[in-house]
Amino acid sequence: MAESSMRIETPILKDDFASAGEASSKVKKTLTMLGVNPKHIKRISVAMYEAEINAFIHGGGGMAYTEIFPDHVDILIEDHGKGIADLNLAMQEGYSTASDEVRMMGFGAGMGLPNMKRNSDDMVIVSSPGKGTRVKMRFNIE
């Protein structure tokens, strides 16, 4: 018998600061309505928000796909930006390629990828220059 799930798909719009964080907010509300433990909701929200903002700032927008199962949540964030040239360097806390303009708005501190890794139970990043980035994260919620 197949495990039932709920799927949420949300576009991440390029250059639309008013909608930044919309995907993670939608997932947070859904998880709250489903009665998921708040400690799990917090780490899912933090990691998803970081991934979403990275796609917004560095990837020129993209898509957020969330699938909620009874025992875990899978999130895929994908963009079609320039990709990550050096993933090991990008995973270091404090490393950022954000523009000065983005930093002036309070983003680009270089904590996105480390926060995503720290808050997820499993994370896989597939990225290559010129091909965009796909971040898959899994969160156990039992």
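How far apart should the ends of helix α1 be at 1.5 Å a residue, and what does the model show? I began my notebook with that. Helix α1 covers residues 22-33, twelve residues in total, so I expected a span of 16 Å. Its end C-alpha atoms turn out to be 17 Å apart, which agrees. A reminder to myself: this is a predicted model.

**Entry: the two sides of α1**

Next I looked up which residues of α1 are covered. I found A23, S24, V27, T30 and L31 buried. They take up an arc of only 125 degrees around the axis, so they sit on the same side of α1. Then I turned the helix around. On the face pointing away from the buried side I met K29, T32 and M33, which are exposed.

What do the buried residues of α1 pack against? I noted four elements: β1 (6-12), α2 (38-57), β2 (62-68) and β3 (72-79). I also checked what follows the helix. Just after α1 comes G35, and its phi is positive, at about 80 degrees.

**Entry: the second helix**

I moved on to α2 and started at its N-terminal end. N37 caps that end, with a side-chain oxygen 2.9 Å from the backbone nitrogen of K39. I repeated the length check here too. α2 has 20 residues, and from first C-alpha to last I read 28 Å, close to the 28 Å expected at 1.5 Å a residue.

**Entry: the sheet**

In what order do the strands of the sheet come? I wrote down β1-β2-β3-β5-β4: an open sheet of five strands, paired antiparallel. β1 and β4 (122-128) are the edge strands, since each pairs on one side only. Ignoring direction, neighbouring strands of this sheet are turned by 10 degrees against each other on average.

I then followed β2 more closely. Seven bridges tie β1 to β2, and these two run antiparallel. Another seven bridges join β2 to β3, again antiparallel. A64 of β2 is a handy landmark here: T10 has A64 as its bridge partner, and A64 also stands opposite I77 in β3. Further along, I68 is bridged to V73 in β3. β2 and β3 make a hairpin, and I found three residues between them. Is β2 mostly covered or mostly open? Mostly covered, as five of its seven residues are buried.

**Entry: helices on the sheet**

With the strands in place, I went back to see how the helices lie on them. α1 lies across β1, β2 and β3, and runs at about 160 degrees to β1. α2 packs on the sheet as well, touching β1, β2, β3 and β5 (132-140). Its direction makes about 180 degrees with that of β5.

**Entry: E78**

My last stop was a glutamate, E78, in strand β3. Why does E78 count as buried? Its relative accessibility is 15%, and the cut-off for buried is under 20%. I wanted to know what surrounds it. Leaving out residues up to four places away in sequence, E78 touches G61, G62, M63, Y65, T133 and R134. With R134 there is a polar contact: the two side chains are joined at 2.7 Å.

Methods. Residues are numbered from 1 along each chain as its sequence is written. This is a predicted model: local features need pLDDT of at least 70, side-chain atom pairs count only at pLDDT 80 or more; totals for chains, interfaces and linings use all residues. Side-chain values use heavy atoms; hydrogens and water are left out. The expected span of a helix is 1.5 Å times one less than its number of residues. Buried means under 20% relative accessible area, exposed over 50%, partly exposed in between (1.4 Å probe, protein chains only). The arc is that of the directions from the helix axis to the C-beta atoms. Contact means heavy atoms within 4.5 Å. A polar contact is a pair of N or O atoms within 3.5 Å; within protein, one must be able to donate a hydrogen and the other to accept it, and residues adjacent in sequence count only if both atoms are side-chain atoms. Two strands pair if DSSP finds at least two bridges between them. Axes are lines fitted to C-alpha atoms, for helices over the stretch in contact, and angles run from 0 to 180 degrees between N-to-C directions.
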